[in-house]
Amino acid sequence: MQSASNGAIEKSLPIADEWVTFSFGAGYGGPASLDQNIQVNFEIAQDQVDIYNQQNNTNYELPPADSYRFDNLKVEIPAGKTGSNSTSVEINSVKLNGTKAYLLPVRISKVSADIPVIEELKTTYFIVKGFYETNPYEPYERTDWEVIEVSSDRAEGTPVVQGLGRHAIDGNVATAWLSNYTKVNNWRPQHPHHIVIDTDKDNEGTEMALHGVTIHGRISTTSATQNTYLFPKQIHIETSLDGTTWESAGVFTIPYPSGGEVGNEATRFPKATVFLEESKTCRYFKITVLSSHSNNGDTTAIAEIEAF
C-alpha cells in the first residue's frame with residue numbers, strides 16, 4: 001500500500017452529516033513486469049489496533065461501525081503496470097459522536113498471485129477525528145434541572161442573594177454560584193470546587209445525550225473591572241445515570257476569555273463552550289473546577305451552565 005509508506009494518515013474533519021472520501025490502492029515493484037492482472041483484497045485489521053497502541057503508547061479504538069464505509073475492498077493491478085486503480089473509505093464525522101480520535105487500519109488481506117507482500121507496507125493506518133466549526137446543538141431546556149450538590153457556596157449581596165449553587169442554572173447571568181471565599185482562621189475552601197446537576201428533578205425517567213457545555217462567568221459590573229480571574233481554567237466533567245456511579249467525560253483546559261484590555265466585552269462577560277470527545281447519555285452531570293484564571297487563587301464563580 002503506497003499510503004502506508006509515511007506512517008499514520010491523520011484526518012481532521014469538520015463535524016457535519018456528510019461523507020468524506022479518502023482514496024487508497026496497491027502498488028507492485030519487482031525485477032520483472034507483471035504478466036497478468038493481479039487482484040488485491042483489503043480488510044479492516046481490527047487486531048492491528050491493539051498492536052498499534054502498544055507500539056505507540058496510544059489508546060485508540062475503531063470508529064463507530066456506522067461512521068465509515070468502503071467503495072470496494074478490492075482493486076486490480078493490470079499486467080505490465082505498477083499501480084492499481086483506487087478504491088476509497090468514506091467517513092461521516094457526525095457519526096463519530098464527538099471530537100474523539102479513532103484508528104482505522106486497512107490491510108491487504110489477499111493477493112491473487114503468489115507475490116509476497118512487504119509487511120511494513122501491508123497496512124495503512126487512518127487516524128480520524130472531528131472538530132466543531134460552530135455549535136450545531138441547541139441548549140437543553142433547564143426547567144426540570146436542579147443543583148443537588150456544591151462543594152461550597154456563598155450567599156452575598158442585597159437585595160438579591162446571589163452566590164448560591166442554584167444561581168448557576170437560574171437563567172440570570174447577573175447572579176452566580178460562588179465558592180465560599182470567606183476566610184475562617186485564615187483558611188477558605190480551595191480548588192477543586194464542584195457542582196452537581198440533576199436534569200430530571202421530577203423523576204420522569206428522562207435522560208439526555210450530553211455533547212458539551214457552555215459556561216458563563218461572573219459578569220463585571222462596570223467596564224473598568226473584571227471577574228475573569230474567577231473564571232474556570234481547567235475543569236473535569238463527569239456523567240451519571242443514577243447519581244452514584246460516575247463516568248469521566250474528560251478534563252478540559254479553557255483559554256483565558258480576553259480580547260486584550262481590561263473591561264472589554266470578553267472579560268466583562270466571559271464564557272466558553274466545551275465539546276466532549278464522545279457524547280455521554282446521562283441524567284446527572286458534575287463539573288469540577290480544578291483551577292481558575294487567577295494566580296494561585298482559591299475561589300471560582302460560574303454564572304450559568306448550559307448543556308447541549
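**Sheets, pockets and two isoleucines**

Good morning. I begin with helix 1, residues 47-56, which lies across strand 7 and strand 8 (123-131) and runs at about 120 degrees to strand 7. Please keep in mind throughout that this is a predicted model.

Let me stay with helix 1 for a moment, since I51 lies in it. Is I51 buried, partly exposed or exposed? Its relative accessible area is 32%, so I51 is partly exposed; the class runs between the limits of 20% and 50%. Eleven residues along the chain from I51 is L62, and the C-alpha atoms of the two are separated by 13 Å.

I turn now to the sheet to which strands 7 and 8 belong. This is an open sheet of five strands, in the order 1-8-7-3-5, and its pairing is mixed. Which strands stand at its edges? They are strand 1, residues 9-14, and strand 5, residues 74-77, each of which pairs on one side only. From one strand to the next, the twist averages 30 degrees. As a general reminder, the strands of a sheet pair through backbone hydrogen bonds, and they may do so in a parallel or an antiparallel manner. Strand 3 and strand 5 run antiparallel and are joined by four bridges. Within this part of the sheet, N41 stands opposite K74 of strand 5.

A further sheet deserves attention. It is an open sheet of three strands, ordered 2-6-4, with antiparallel pairing. Strand 2 (19-24) and strand 4 (68-70) are at the edges; each has a single partner strand, and therefore one side of each is left without a neighbour in the sheet. Here the twist averages 25 degrees from one strand to the next. How many bridges join strand 4 to strand 6? There are three, and strand 6 comprises residues 87-92. F70 stands opposite V89, a residue of strand 6.

Next, the pockets, which may be of interest to this audience. The largest pocket has a volume of about 350 Å³. Its lining consists of 17 residues, and G27, Y28, G29, P116 and V117 are those that lie nearest its centre. Which elements give two or more residues to this lining? They are strand 3 (38-44) and strand 7 (102-111), both of which appear in the order of the five-stranded sheet. In terms of class, the lining of the largest pocket contains 14 nonpolar residues, three polar residues and no charged ones.

The second largest pocket holds about 170 Å³ of space. The residues that line it are Q48, R107, E119, E120, K122, T123 and Y125. By class, this lining divides into one nonpolar, two polar and four charged residues. To set the two linings side by side: charged residues are absent from that of the largest pocket, whereas that of the second largest pocket has four.

I close with a second isoleucine, I148, whose place is in strand 9, residues 146-150. How accessible is this residue, and what does it touch? With a relative accessibility of 44%, I148 counts as partly exposed. Leaving aside residues up to four places away in sequence, I148 touches V196, D198 and Y284. I195 is 47 residues from I148 in sequence, while the C-alpha to C-alpha distance between the two is 7.9 Å.

Thank you for your attention. I would be glad to take questions.

Technical notes. Residues numbered from 1 in each chain as written. Predicted model: local features only at pLDDT ≥ 70, side-chain atom pairs only at ≥ 80, totals over all residues. Heavy atoms only, no water. 1 Å grid on protein atoms, 1.4 Å probe; cavity = no way out; pocket = protein on both sides within 12 Å on 5 of 7 lines; lining within 4 Å. Points joined across faces, edges and corners; volume = space filled by probe spheres on them. Nonpolar A, V, L, I, M, F, W, Y, C, P; charged D, E, K, R; others polar. Pairing = 2+ DSSP bridges. Axes fitted to C-alpha atoms, helices over the stretch in contact; angles between N-to-C directions. Contact = heavy atoms within 4.5 Å. Buried < 20%, exposed > 50% of the residue type's maximum accessible area, 1.4 Å probe, protein only.
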